[in-house]
Amino acid sequence: SAARSEFKSLDVFYFHNCLYEFVWTENKRRWSERTPTHDVLRTFGPDHKVIFVGDASMSPYEILMPGGGVEHFNDEAGSVWLKRVLERFAHVLWINPVPEGRWGWTPSIDLISQHFEGRMVPLTLEGLDEGMRLLLK
């Protein structure tokens, strides 16, 4: 919510651990009011900037395997959905609140970072500055 004043428009969607076929706009309604991720991909143009915020700490199966999600059976691996976002939008960033020195301790952080081709930054002032530079490239 603090970012609303920094962007012309800001749409916020939630997901759990990894992106799959649905997202939601209110976490308390995540089971009753979901938005198909395909709709999000079709609604926003390729010039939109996409920022993921999360610790990227999950089972690698959630990223790599169909059925790997912990809350439901996902028909496609999370990596398939991440690839769709990365192919659709030119400017994508992942902001990670886990201290950067600990990223190597969690295999899923490395997997997400590889998908994002180095466009993962820590949630620090320096990380946010670097993230904004990456989004403007």
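This briefing covers side-chain contacts and a surface patch in the structure above. The model is predicted. A search of the whole structure finds six aromatic pairs, and a search of the same scope finds five salt bridges. Two arginines also lie over aromatic faces, R34 over F22 and R88 over F89. A nonpolar patch on the surface involves I51, V53 and M132.

**Aromatic pairs**

- The whole structure holds six aromatic pairs, one of which joins F15 and F52 with ring centres 5.7 Å apart.
- The planes of F15 and F52 stand at 70°, so this pair is edge-to-face.
- F15 is in the segment before β1 (22–24), while F52 belongs to strand β3 (residues 49–53), so their contact ties together parts that are 37 residues apart in sequence.
- F15 is partly exposed, at a relative accessible area of 22%, whereas F52 is buried at 6%.
- Another pair is formed by W94 and F116, whose ring centres lie 5.4 Å apart.
- With an angle of 85° between their planes, W94 and F116 are also edge-to-face, because the cut-off for that class is over 60 degrees.
- W94 sits in strand β4 (residues 91–96), and F116 sits in the loop between α4 (107–115) and β5 (120–122).
- The pair of W94 and F116 thus links distant parts of the chain, 22 residues apart.
- W94 and F116 are both buried.
- F15, F52, W94 and F116 are linked by ring pairs into a cluster.

**Arginines over rings**

- R34 is placed over the face of F22, at 4.0 Å from the ring centre.
- R88 is placed over the face of F89, at 5.8 Å from the ring centre.

**Salt bridges**

- Five salt bridges are found in the whole structure, including the one between R84 and E76, where the closest N and O atoms are 2.8 Å apart.
- Both partners of that bridge are partly exposed: R84 has a relative accessible area of 23%, and E76 has 28%.
- R119 and E117 form a salt bridge through their side chains, with an N to O distance of 3.8 Å.
- The two ends of this bridge fall into opposite classes, since R119 is buried at 17% relative accessible area and E117 is exposed at 64%.
- R119 counts as buried because its 17% is under the 20% cut-off.
- E130 and R133 meet in a salt bridge at 3.1 Å, N to O.
- Both E130 and R133 are in helix α5, where a spacing of three residues sets them about one turn of the helix apart.
- E130 is partly exposed, with a relative accessible area of 32%, and R133 is partly exposed at 48%.

**Nonpolar surface patch**

- I51, V53 and M132 make a nonpolar surface patch of about 230 Å².
- M132 is part of helix α5 (residues 125–136), the helix that also holds E130 and R133.
- M132 is partly exposed, with a relative accessible area of 32%.
- This value lets M132 count towards a patch, because patch residues need over 30% relative accessible area.

Terms used. Residues are numbered from 1 along each chain as its sequence is written. This is a predicted model: local features need pLDDT of at least 70, side-chain atom pairs count only at pLDDT 80 or more; totals for chains, interfaces and linings use all residues. Side-chain values use heavy atoms; hydrogens and water are left out. Patches are made of residues with over 30% relative accessible area and no salt bridge: like charges are joined within 9 Å, nonpolar side chains (Val, Leu, Ile, Met, Phe, Trp, Tyr) within 5 Å. Accessible areas come from the Shrake-Rupley method with a 1.4 Å probe; for residues, only the protein chains shown count as cover. A salt bridge is a side-chain nitrogen of Lys or Arg within 4 Å of a carboxyl oxygen of Asp or Glu. Helices (H or I, at least four residues) and strands (E, at least two) are DSSP runs, numbered from the N terminus. Buried means under 20% relative accessible area, exposed over 50%, partly exposed in between (1.4 Å probe, protein chains only). Rings of Phe, Tyr and Trp (its six-membered ring) pair if their centres lie within 6.5 Å; planes under 30 degrees apart count as stacked, over 60 as edge-to-face and the rest as tilted. A charge sits over a ring if NZ of Lys or CZ of Arg is within 6 Å of the ring centre and within 35 degrees of the ring normal.
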